[in-house]
Amino acid sequence: MRPACRFSGTSPAAIVYVVRKLIWECRTIGQFVLEIITRKFVLTGAAVAVLVTLTNVILAGANDYVFEPVKTEIKSSNVATIAVRLRHKRSEKPVTDAVIVQMRIVMAHDGGAEMDAAFVPLASPEPGVYAFMAPLTMAGSWFLSIVAKVPGEPETVVGKINFRVTP
Ligand SMILES: [Cu+2]
């Protein structure tokens with residue numbers, strides 16, 4: 001779910017300001033923001049320069065990181081462990097100092113109903129791996145959404161991971 005984005009102002013400076021605000025307010029991805037700018041403005045030379053700068057700033061951010069599951073199959077348990085690895089794409093380096101700011105573990109059921117699982121953060125089993133304990137007693141397809149803050153990155157990193165709980 002995305003909150004409605006506000007957009008006003010037409011000067012390059014205003015665009016920069018509004019886009020910064022948009023990123024912060026809407027926590028949306030860079031491409032989405034750029035799409036709005038491109039659609040709403042007939043770009044002047046100055047605006048194009050601003051846009052190119054913004055593209056670099058935005059795309060160099062959260063898209064540089066990726067969350068990956070350590071295991072995509074987990075045995076059902078009241079104290080199951082889910083672990084995800086956060087890594088910097090280009091350097092392949094694990095990101096050890098991220099702060100998980102939001103997380104949800106859900107199972108989708110027929111008819112659109114969702115089942116939430118509570119979780120408890122665990123100590124990191126290896127550098128760049130973030131682990132949680134959750135009661136995953138129901139076998140089937142589960143979904144993990146995770147939002148992390150990486151030091152030095154203005155944008156938050158969002159991960160979406162599907163995994164299977166086996167009986
Ligand atoms: Cu369920």
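Let me begin with the hairpin of β4 and β5, which has five residues between its strands and in which G111 takes a positive phi near 85°. Strands, in the sense used here, are DSSP runs of E with at least two residues, while helices are runs of H or I with at least four residues, and both are numbered from the N terminus. What you see is a predicted model, in which local features need pLDDT of at least 70 and side-chain atom pairs count only at pLDDT 80 or more, whereas totals for chains, interfaces and linings use all residues. Residues are numbered from 1 along each chain as its sequence is written.

Staying with the hairpin, strand β4, residues 99-108, is joined to β5 by four bridges, and the two run antiparallel; two strands are said to pair if DSSP finds at least two bridges between them. Across this pairing, I105 stands opposite A117 in β5.

Following the chain onward, we come to A118, which has its place in the loop between β5 (114-117) and β6. Is A118 buried or exposed? A118 counts as exposed, because it has 9 C-beta neighbours inside 10 Å; the cut-offs are 20 or more other C-beta atoms within 10 Å for buried, 12 or fewer for exposed, and partly exposed in between, with C-beta atoms placed from the backbone. Leaving aside residues up to four places away in sequence, A118 touches A134 and P135, where contact requires that the C-beta atoms, placed from the backbone, lie within 7 Å. The C-alpha atoms of A118 and M133, which are 15 residues apart along the chain, are separated by 8.5 Å.

Next comes β6, which three bridges join to strand β7, residues 129-136, in an antiparallel arrangement, and here L122 stands opposite A131 in β7. Both strands belong to an open sheet of four strands, with the order β1-β3-β7-β6 and antiparallel pairing. Because β1 (65-69) and β6 (120-122) stand at the edges with a single partner strand each, one side of each is left without a neighbour in the sheet. The twist averages 30° from one strand to the next, with axes taken as lines fitted to C-alpha atoms, for helices over the stretch in contact, and angles running from 0 to 180 degrees between N-to-C directions.

Finally, the whole protein: it has three helices and nine strands, and, read along the sequence, it follows the pattern α-α-α-β-β-β-β-β-β-β-β-β. Of its 167 residues, 19% count as buried, and among contacts between residues at least 6 apart in sequence, 58% join residues at least 24 apart.

How values were computed: Two residues are in contact if their C-beta atoms, placed from the backbone, lie within 7 Å.
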